[in-house]
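Let's walk through this model together, starting with one helix and then turning to the aromatic rings.

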Amino acid sequence: MQVSAEEKELLKRIGQAPRFPIVRYELRSSRERSLISTALNHVYLERETDSMEQAKQRANQLEHLEAQGLICLDYKIFVTVKSDYRVYERSGIFASLSDLVMEGKHRPGFLFDIPYIKRGMATLTNAGREWLESQPK
């Protein structure tokens with residue numbers, strides 16, 4: 001199984017955290033409820049100031065770990081802790097997305113007028129737990 005050093009650290013963090021919140025930044029429409037566009041998927045931020053590049057890098061790592069069967073990325077959770085997602089709401093990335101939506105609202109025919117944060121969670125799978133336990137300390 002191919003896991004980079006950065007992915008291994010991320011896997012450790014997921015395993016040690018009581019909850020490991022991730023989000024999907026979306027664009028939605030107030031006129032057409034079924035219209036949803038993913039702006040940035042599998043976002044994990046450590047700080048409000050994390051860059052788009054950092055967010056994309058971590059998203060790729062999360063996707064790779066999920067493809068390896070080591071973690072599960074779930075956006076169908078019903079109960080979340082609001083404070084776990086504060087960093088995402090206050091991030092520069094979400095502010096930029098919100099600005100983009102505000103600019104677009106003034107264009108005729110622009111449908112995506114709501115910047116939205118879809119809350120999710122990353123969790124270790126049994127295979128992920130076993131893989132971590134098999135690694136030298």
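What follows looks at helix 2 and then at some ring contacts.

This is a predicted model, where local features need pLDDT of at least 70, side-chain atom pairs count only at pLDDT 80 or more, and totals for chains, interfaces and linings use all residues. Residues are numbered from 1 along each chain as its sequence is written, and side-chain values use heavy atoms, leaving out hydrogens and water.

Helix 2 (helices being DSSP runs of H or I, at least four residues, and strands runs of E, at least two, numbered from the N terminus) covers residues 52-67. Its 16 residues reach 22 Å from first C-alpha to last, close to the 22 Å expected at 1.5 Å a residue, with that span taken as 1.5 Å times one less than the number of residues. Buried here (under 20% relative accessible area; exposed is over 50%, partly exposed in between, with a 1.4 Å probe and protein chains only) are A55, R58, A59, Q61, L62 and L65. Down the axis of helix 2 they fall within an arc of 165°, so they line one face; the arc is that of directions from the helix axis to the C-beta atoms. The face turned away carries exposed E53 and A67. Just after helix 2, G69 takes a positive phi of about 80°.

Now for the charges over rings (NZ of Lys or CZ of Arg within 6 Å of the ring centre and within 35 degrees of the ring normal). R24 lies over the face of Y75, 4.0 Å from the ring centre, and the charged end of R28 sits over the ring of Y116, 3.7 Å from its centre.
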